[in-house]
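Q: Please go through this model with me and, for each descriptive term, explain what justifies using that term.

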Amino acid sequence: MSTKPHIDQSLVKTEEMVLNMGPQHPSTHGVLRLKIHTDGEVVSKIEPIIGYLHRCFEKHCEHLGYEQIVPFTDRCDYIASMHMNHGYALAMERLMGIEVPPRVEYIRVIVGELQRIASHLVALGTFGLDIGAITPFTWMIRDRERILDLFENLCGARLLYNYIWVGGVSHDLPEKFIRRTKEFIDYFTPQMDEFDQLLTFNKIFIERTADVGILPPDVAINYGVTGPSLRGSGVKWDLRKDEAYSAYPELEFDVPVGTGKMGSVGDCWDRYWVRMLEMRESVRIIDQALKSIPDGDVRAAVPKKVRPPKGSVYSRFETARGEIGYYIISDGKNIPVRLKMRSPAFCNLSVISEIAEGWMISDLIAILGSLDIVLGEIDR
Amino acid sequence: MNGIWASTLDILTSYGSMISLAGVGIFLIMAVNALVAVYFERKVSAFMQDRLGPMEVGIFGFKGGKKFWGGIGQTIADTVKLLTKEDILPDSADKKLMILAPFIIFIGAFVTFIGVPFSSVLLVSNFNIGIFYIIAMSSVGVVGIILAGWASNNKWSLYGSLRSAAQIISYEIPAGLSLILVVLVAGSLNIHDIVGWQADHRWFIFHSPMAFLAFFVYFISGVAETNRTPFDIPEAESELVAGWMTEYSGFRWALFFLSEYANMLIVCILTAVVFLGGWLSPMAMFNIFPESWLIFDGIWWGAFWIMFKAIFLIFVMMWFRWTFPRLRVDQLMYLCWKVLIPFALVNLVLVSIWELL
């Protein structure tokens, strides 16, 4: 059923209609504007137009002290702020050669994986919303709320944490944090089975997503697609494994990839399913990390003045959406000469015209939802 | 049994004033139905989504606390808000048609109620072509939908209206074919005769395996005809913003809403009448308390049963809406033309054979 609609142009004389989807549209996930040329319901050409949320992140950074940049990274990918903090801190630590205490690494892994679950919950919920299922979204937001409660308990903020600093974290874990996280995991594991029952294996959902928007692995690599969207195409590439940082080398977890279980490899369902499996892996990681977290001072390695030596660094990090890269050039002063951020969602979005042309408007919405973009990070 | 009421109504209907009285009655039913159904829908969805739903607005100071009745006045407040909102007509719209469209849709739903029974006597007119009339009139609204989409001069509206027209017209066919099954067996288009047949024999859904399937075919088509999830592609909010209703606001939008919930009620009452025994008591059907007062049959109990069945079906529709994702437009057509219609046709032939045997 989910085959590409074929129109014999010699039989039908139609005119193309240009349709502006967004920036004010319910399912462009923010202020993305897609200029689409449509032939009836079929999309023949897509031009993504971005920049509605541009806030001059990189230029601002050239006038800010290194420690002041951390809250700005929060505001790029506001769905997964912890990852943005962590990626930046990692780059700075590599530039300055700071050795971080093991407790800090474990805390970073725990909050990072909690953040990954929270971010995937938003991604999957809004994906369901794009397909037309409203209830999974509210269920997932309900569970994400518990993670936000944990973070509020941890650092006082619910969305923009400014928690992971260069060389450490801003606060140690609160007293009851470990117990509450364990409670959350116990609560959340059966919930994932419920999501599967409600949405993942729903016949209509499979019809809508399987075999739709197939992203072949070579195209994905050529466009620089990363994260779950790349792994959905069957490419086993995860920086947590392949370029392991923090406490990840000491923890055991699998990297789920798309196998074409319901359709073919790299379709929307695979990208969805990879995120679903990654949440289970995150739960595994948190479980192990909570058991083996060492003691120590979390601010032992935080430098008094963040003043890196002359030089540059490029460091990449696996966020919930893919590889975030920070390229930082320092001339030895307390502000960077240049800070460039490689945005994963930008590369993931760029593939849309490649895979969504020839599909229907409804499919375009599904494909866009399955790529899981955050406009704050694309526009920066 | 219903001699007094029937004769009273007969006398009254012979006067012209009764026509306007019936009109007011139908309008009240539509309005109350929309008010109650919207509240019901919000509470059902809240229940399914693990949240509370409207909890703030009460009536006359009665708020009901954290119970089902919390926020009972919400839909009344919503109505007041809708009726006092600014009524926007876009500059580039075809204003006359845009104003006309909601009324066509509303009238389509309104005149359908003439043939819809609420009890054995509580119906405006007992036509000899009852079912045919209801089917015919309930598709008048399509004209309004196409007009609304075209006149708004909005691309999203146009998409929505074309989708909606294709969908409603297509799903008329399996719905009609399933109802023909009943007509074939009961030998009449008249609502009274059909329910009379069910009183003499059994509810139509239990007539034969084919009738059982026909019930589902009809109900699925009914869900599609009322544009509800999983068939809500004409107003798919994640794709088409609000479909053909995008450019409407205020009172005109309220009319759309009213008609949508009225159509839901019509489909559900018709399903109840045709397949589930209409105003007949389930106790009589299953012969639980034979010959006792516990059968709860009669004129007013009839009204209760018919509404009970219809409201249960409305609940099922809401259940669908808050559980299923949405089909794509070609899958929707596939389901109609390649699944439901062949099914209904084969069903029809089989029932004819069943009746001959």
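A: In this predicted model, 52% of the 380 residues of chain A count as buried, a residue being given that label if 20 or more other C-beta atoms lie within 10 Å of its own.

Q: How do you know whether the radius of gyration of chain A agrees with that of a compact globule?
A: A compact globule with 380 residues would have a radius of gyration near 21 Å, and chain A has 21 Å, so the two agree. Along its principal axes, the C-alpha trace of chain A spans about 75 × 45 × 35 Å.

Q: Why are α9(B) and α11(B) called roughly antiparallel or roughly parallel to each other?
A: The axes of helix α9 (residues 209–225) and helix α11 (residues 250–275) of chain B come within 10 Å and cross at roughly 170 degrees. Angles over 145 degrees count as roughly antiparallel, and α9(B) and α11(B) are therefore described in that way. Where they meet, Phe215(B) and Tyr218(B) are among the residues contributed by α9(B), and Val267(B) is one of those from α11(B). The residues of this contact divide into five nonpolar, two polar and one charged.

Q: What makes β6 and β8 of chain A edge strands?
A: The open sheet has three strands in the order β6-β7-β8 (chain A), with antiparallel pairing. β6 (311–318) and β8 (338–342) each have a single partner strand, so one side of each is left without a neighbour in the sheet.

Q: How do you know that β7(A) and β8(A) pair?
A: Pairing requires at least two bridges, and strand β7 (residues 323–330) of chain A is joined to β8(A) in the antiparallel sense over five bridges. The bridge partner of Gly325(A) is Arg342(A) in β8(A).

Note on methods
Residues are numbered from 1 along each chain as its sequence is written. Chains are lettered from A and ligands numbered from 1 in the order in which they are written. This is a predicted model: local features need pLDDT of at least 70, side-chain atom pairs count only at pLDDT 80 or more; totals for chains, interfaces and linings use all residues. Axes are lines fitted to C-alpha atoms, for helices over the stretch in contact, and angles run from 0 to 180 degrees between N-to-C directions. Helices (H or I, at least four residues) and strands (E, at least two) are DSSP runs, numbered from the N terminus. Angles under 35 degrees count as roughly parallel, over 145 as roughly antiparallel, 65 to 115 as roughly perpendicular and the rest as oblique. Two residues are in contact if their C-beta atoms, placed from the backbone, lie within 7 Å. Ala, Val, Leu, Ile, Met, Phe, Trp, Tyr, Cys and Pro count as nonpolar, Asp, Glu, Lys and Arg as charged, and the others, Gly among them, as polar. The radius of gyration is taken over C-alpha atoms; the globule rule is 2.2 Å times the number of residues to the power 0.38. A residue is buried if 20 or more other C-beta atoms lie within 10 Å of its own, exposed if 12 or fewer, and partly exposed in between; C-beta atoms are placed from the backbone.
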